[in-house]
Every structure is written in C-alpha cells, then in structure tokens.
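Student: Hi! I have a new structure to look at and no idea where to begin. Could you walk me through it?

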Amino acid sequence: MLRGLQLGESRQNSKSTFAAAGFVSVLPDDVRRRLLSQGRVRRFAKGELILQRGDTAREFWYIESGVVQIGRYSADGKLTLFALLGPGESFGEQGFLGEFPRMVDAIAGNETRLIEIGEAELLAAIESDSSVARIMLKAMANMVQQAFDLIDAGRNLSTVERVSQALLQLRSEEDSDVAIPVTQQELSELVGVSRISLGKALGKLETAGVIERRYGGIIVQDWDALLGSSDS
C-alpha cells in the first residue's frame, strides 16, 4: 500500500504535515533496541485488521516491515484513508497513553511484520532511561501540532502543494528515481481530493519533470523540486 516512509528520519525532514512517525524511532539506540526486543512480534496479511476504532488501547505498535493504512471505515465499509505508515514508524501511542478508545482503524497494506509493545515494556524503558518520558511528551506534542498543520494545509495549500507534501511523506530515501508504491486512489484519499483533481496536480508535476507516473506507483525524479512545490 503506500509505503515508503524511511520513513524515519528522511520523512521527518521533509516538512510534511501528514503523519507522525511516533516516538520509538527517536529513542536512544540502546533503549529502542531493548524496548523492541521485549515486545511481541506479530505478522499480518494484506487487508487484515490490526486495530479497530472503539477498541480499548492496551498496546501500541512498531512497524518492522510492510505498510500500515490508518483511517476510518464508514458504516458501508468504505475506508477513509488518513495516513500510510512504513518501517521504522510506530502507531497507537495516543490511545495507549491517554487510556481512551481507539479513534482510527489500522489495516495491513501488505504482508506486515509488527512489534506489539505493552505497558510492562514501556515502563521498563522509562525506568532504564529518564529521557524516554521527555521524548514521549515531545512526540505527543508534535502529533498535536501536526494535526493543526494538517487543518491549516487543507485550508491554505493548493492541490499541487498538498500532493507534493504527501509524496514527501511517502518517500523511502533521498535518492531520485525511487518508486513510491502508491495508487492514485490511495493518494487521492490521503490528500483528500477527487481523482480528477489529483490527476491534474500529478500532471503538472509530471510536466515539470518532478515525477513520473507508473502503474501502481510514482517515481520522484527531483526531490528538491518536490520539496519546493510543497512550500510554494
């Protein structure tokens, strides 16, 4: 599904407003390794539900491989896509830390390997390094700020700018000519525009030599130009 995000550091530097990478990726290396080693490895097939809106949040998740779709299913079964997460990112922290029901659904976008982290594992990490609690608070504050940024983007950015930000969010590395495995349907849902509007925006970027559309994916040929398109 959409993937790409390395998601980790390169995504955080992309000025994207779409999805937080979670706090696990910014923990000290030794703390992160210990935390992940104590978690439970879980595997999900493409389309399998990982967590459901309304469920009690007793854990959060770290993505080792694969892609996770974050969104909400409507009563008729249609998924409204909010974010696409990939290796190195985590999700579910807000409900877990706030002790409130899940606000979104999470679905495996392809064959996915996750690490499930519960209260015992997190408390052990906090006790092992006093910086963990501070990092968690900062990550949660960043998520709130990104939510406000997303609202602002929806009001003030053009479709080309929003599409550019989404593609920056989904990049897997800094190099050019790297395919982002995202369909136009997924991208239109992520950005919140119609397929027609998305097609026009992608056409402008393609004409400018910034991207190239391929079946089932998009190749970004000029990351610097894409970053400029997201800020213009």
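**A first walk through the model**

Tutor: Happy to! Let's start at a small detail: glycine 192, just after H7, takes a positive phi of about 85 degrees. Keep in mind that this is a predicted model.

Student: Okay, and which residues of H7 are buried?

Tutor: The buried residues of H7 are Glu186, Leu187, Ser188, Leu190 and Val191.

Student: What do those buried residues pack against?

Tutor: They pack against strand E4 (68-73), and also against E5, H6, H8 and E11.

Student: Let me zoom out. How many helices and strands are there in the protein chain?

Tutor: The protein chain has nine helices and eleven strands. Of its 232 residues, 48% are buried.

Student: And how much accessible surface does the chain have?

Tutor: About 11,300 Å², with 49% of that belonging to carbon and sulfur atoms.

Student: Since it's a prediction, what pLDDT does the chain average?

Tutor: The average is 80, and 82% of the residues score at least 70. Confidence is highest in E1, at 97, and lowest in helix H1 (residues 9-12), at a mean of 35. Over residues 1-20 the pLDDT is below 50, though in the model this stretch has 89 contacts beyond near neighbours in sequence.

Student: Noted. Now the inside: how many residues does the largest nonpolar core have?

Tutor: It has 27 residues, and those with the most contacts inside it are Val163, Leu167, Leu187, Ile211 and Leu226. At least two residues of this core come from each of these elements: strand E5 (79-85), helix H6 (159-170), helix H7 (184-191), helix H8 (195-207), strand E11 (217-220) and helix H9 (223-231). H6 gives the largest share, six residues.

Student: Pick one of those residues for me. What is isoleucine 211 in contact with?

Tutor: Leaving aside neighbours within four places in sequence, isoleucine 211 is in contact with Leu167, Leu202, Leu205, Glu206, Ile218, Ile219, Val220 and Gln221. Apart from this core lies another one, of 19 residues, among them Leu27, Phe96, Ala125 and Val132.

Student: I like aromatic rings. How many aromatic pairs does the structure hold?

Tutor: There are three aromatic pairs. One of them, phenylalanine 44 with tryptophan 61, is edge-to-face, with 5.8 Å centre to centre and 75 degrees between the planes. Phenylalanine 44 lies in strand E1 and tryptophan 61 in strand E3 (residues 60-65), so this pair ties together parts that are 17 residues apart in sequence.

Student: Are those two rings buried or exposed?

Tutor: Phenylalanine 44 counts as buried because its relative accessibility is 4%. Tryptophan 61 counts as buried too, because its value is 2%. Tryptophan 61 also pairs with phenylalanine 91: their ring centres are 6.5 Å apart and their planes are at 15 degrees, so that pair is stacked. It links distant parts of the chain, with tryptophan 61 in strand E3 and phenylalanine 91 in strand E6 (residues 90-91), 30 residues apart.

Student: Which residues form one aromatic cluster, then?

Tutor: Phe44, Trp61 and Phe91 form it.

Student: New topic: loops. Where is arginine 102?

Tutor: Arginine 102 sits in the loop between H3 and E7. It counts as buried because its relative accessibility is 6%.

Student: What does its side chain reach?

Tutor: The side chain of arginine 102 reaches the backbone oxygen of glutamate 59 at 2.5 Å. Beyond neighbours within four places in sequence, arginine 102 has a list of contacts including Leu51, Asp55, Arg58, Trp61 and Phe96.

Student: And glutamate 99, where is that placed?

Tutor: Glutamate 99 is in the loop between helix H3 (93-98) and strand E7 (105-108). Glutamate 99 counts as exposed because its relative accessibility is 72%. Its phi is near 55 degrees, a positive value in a residue other than glycine.

Student: One last loop: where is glycine 47?

Tutor: Glycine 47 is in the loop between strand E1 (40-44) and strand E2 (49-51). It touches Ile107 and Ala108, not counting residues up to four places away in sequence. Glycine 47 and glycine 109 are 62 residues apart in sequence, with their C-alpha atoms 6.0 Å apart in space.

Student: What share of contacts in the chain joins residues at least 24 apart?

Tutor: It is 75%, among contacts between residues at least 6 apart in sequence.

Conventions:
Residues are numbered from 1 along each chain as its sequence is written. Side-chain values use heavy atoms; hydrogens and water are left out. Helices (H or I, at least four residues) and strands (E, at least two) are DSSP runs, numbered from the N terminus. Contact means heavy atoms within 4.5 Å. Buried means under 20% relative accessible area, exposed over 50%, partly exposed in between (1.4 Å probe, protein chains only). A nonpolar core is a set of buried Ala, Val, Leu, Ile, Met, Phe, Trp, Tyr and Cys residues joined through side-chain atoms within 4.5 Å. pLDDT is the predictor's confidence in each residue, from 0 to 100. A polar contact is a pair of N or O atoms within 3.5 Å; within protein, one must be able to donate a hydrogen and the other to accept it, and residues adjacent in sequence count only if both atoms are side-chain atoms. Rings of Phe, Tyr and Trp (its six-membered ring) pair if their centres lie within 6.5 Å; planes under 30 degrees apart count as stacked, over 60 as edge-to-face and the rest as tilted. Accessible areas come from the Shrake-Rupley method with a 1.4 Å probe; for residues, only the protein chains shown count as cover.
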